[in-house]
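Q: Please take a close look at one part of this structure, the pockets and what lines them. Then go on to the side chains and backbone spots that deserve a word, in plain terms.

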Amino acid sequence: MKNKKVIFFHGYGGEPIPQVTEALKYLGASDVVQTHINYDYEWALDKGKSLFERSVSESKDCDVIIGLSMGGYTAHLVANKLNKDCIIINPGIDRMRSRVHVKDFDCETEINNCNLEVYLGDRDMQIPNYYTTEYLDRYGIDARVETIKGMEHCFNMNEFVEIIRMSDFN
């Protein structure tokens with residue numbers, strides 16, 4: 001991520017991860033943005049519409065948009081809106097298959113309007129990999145898809161650094 005501004009969207013029930021900021025800066029990012037998102041509150045407020053608009057605004061001057069799980073869904077929407085490079089990790093992009101009540105945000109959506117990399121943990125038991133690959137196939141979404149051996153739903157920092165190092169956006 002040499003000399004790039006990056007935004008990271010955490011997953012459902014999560015919070016900003018200081019180690020992600022540290023790792024991205026160590027790998028050369030010029031700036032890293034992370035904000036706390038209460039997806040339940042945002043869904044109750046307006047089905048994610050204002051969250052989407054705020055996320056687009058926060059991401060305008062970012063070079064790479066990254067998201068984990070529900071944050072992968074958010075990152076994908078935002079990156080497509082802004083035509084930005086996007087990395088999603090164990091993403092919850094197929095909202096209809098989600099076990100949580102937060103479904104598709106009430107916002108304008110585009111597909112295939114970003115450079116997309118998808119990283120899936122081969123031990124992810126929360127969001128089966130085929131949910132993501134079937135979704136990508138169903139909508140004809142062009143993406144680089146990689147499977148990380150041993151990675152569960154939430155990555156450890158070594159896995160995160162491996163993903164960033166293998167990314168074409170680095």
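A: To sort a pocket lining by class, Ala, Val, Leu, Ile, Met, Phe, Trp, Tyr, Cys and Pro are counted as nonpolar, Asp, Glu, Lys and Arg as charged, and the others, Gly among them, as polar. The model discussed here is a predicted one.

The largest pocket has 24 lining residues, and those nearest its centre are Tyr12, Ser69, Gln126, Ile127 and His153. Sorted by class, its lining holds 10 nonpolar, nine polar and five charged residues. The volume of this largest pocket is about 370 Å³.

For the second largest pocket, the volume is about 260 Å³. It is lined by 16 residues, with Tyr73, Ile93, Asp104, Thr109 and Tyr135 closest to its centre. Here the classes are eight nonpolar, three polar and five charged residues. Two helices, H4 (70–82) and H5 (129–138), each supply at least two residues of this lining. Of the contributors to the lining of the second largest pocket, H4 gives the most, with four residues.

Tyr73, one of the residues closest to the centre of the second largest pocket, also takes part in a charge-over-ring arrangement. The charged end of Arg95 sits over the ring of Tyr73, at 5.6 Å from the ring centre.

After H4, the chain enters a loop that leads to strand E4 (85–89), and Lys84 is found in this loop. Lys84 has a charged side chain, so is it buried or exposed? Its relative accessibility is 17%, and buried means under 20%, so Lys84 counts as buried. Leaving out neighbours within four places in sequence, the residues in contact with Lys84 include Ser59, Lys60, Asp61, Cys62, Asp63 and Ile65. Ala79, Asn113, Cys114 and Asn115 are also among its contacts. Glu134, by comparison, is 50 residues away from Lys84 in sequence, and the C-alpha atoms of the two are 23 Å apart.

Asn83 lies in the loop between H4 and E4 as well. Its phi is positive, about 55°, although Asn83 is not a glycine. Most residues other than glycine have a negative phi. Asn3 is another non-glycine residue with a positive phi, about 60°. Asn3 is placed in the segment before E1. Asn3 has a relative accessible area of 67%, and exposed means over 50%, so Asn3 counts as exposed.

The last topic is the aromatic side chains. Across the whole structure, a search finds six aromatic pairs. One of them is Phe8 with Phe160, an edge-to-face pair with 6.1 Å from centre to centre and 90° between the planes. This pair links distant parts of the chain, since Phe8 belongs to strand E1 (residues 5–9) and Phe160 to helix H6 (residues 157–166), 152 residues apart. Both Phe8 and Phe160 are buried. Phe160 also pairs with Phe155, and that pair is stacked, with 4.9 Å between centres and 25° between the planes. Phe155 is buried too. Taken together, the ring pairs join Phe8, Phe155 and Phe160 into a cluster.

Terms used:
Residues are numbered from 1 along each chain as its sequence is written. This is a predicted model: local features need pLDDT of at least 70, side-chain atom pairs count only at pLDDT 80 or more; totals for chains, interfaces and linings use all residues. Side-chain values use heavy atoms; hydrogens and water are left out. On a 1 Å grid over the protein atoms alone, a cavity is a set of points where a 1.4 Å probe fits but cannot get out, and a pocket is an open set with protein on both sides within 12 Å along at least five of seven lines; lining residues have an atom within 4 Å of a point. Grid points are joined across faces, edges and corners, and a volume is the space filled by probe spheres set on the points. Rings of Phe, Tyr and Trp (its six-membered ring) pair if their centres lie within 6.5 Å; planes under 30 degrees apart count as stacked, over 60 as edge-to-face and the rest as tilted. Buried means under 20% relative accessible area, exposed over 50%, partly exposed in between (1.4 Å probe, protein chains only). A charge sits over a ring if NZ of Lys or CZ of Arg is within 6 Å of the ring centre and within 35 degrees of the ring normal. Contact means heavy atoms within 4.5 Å.
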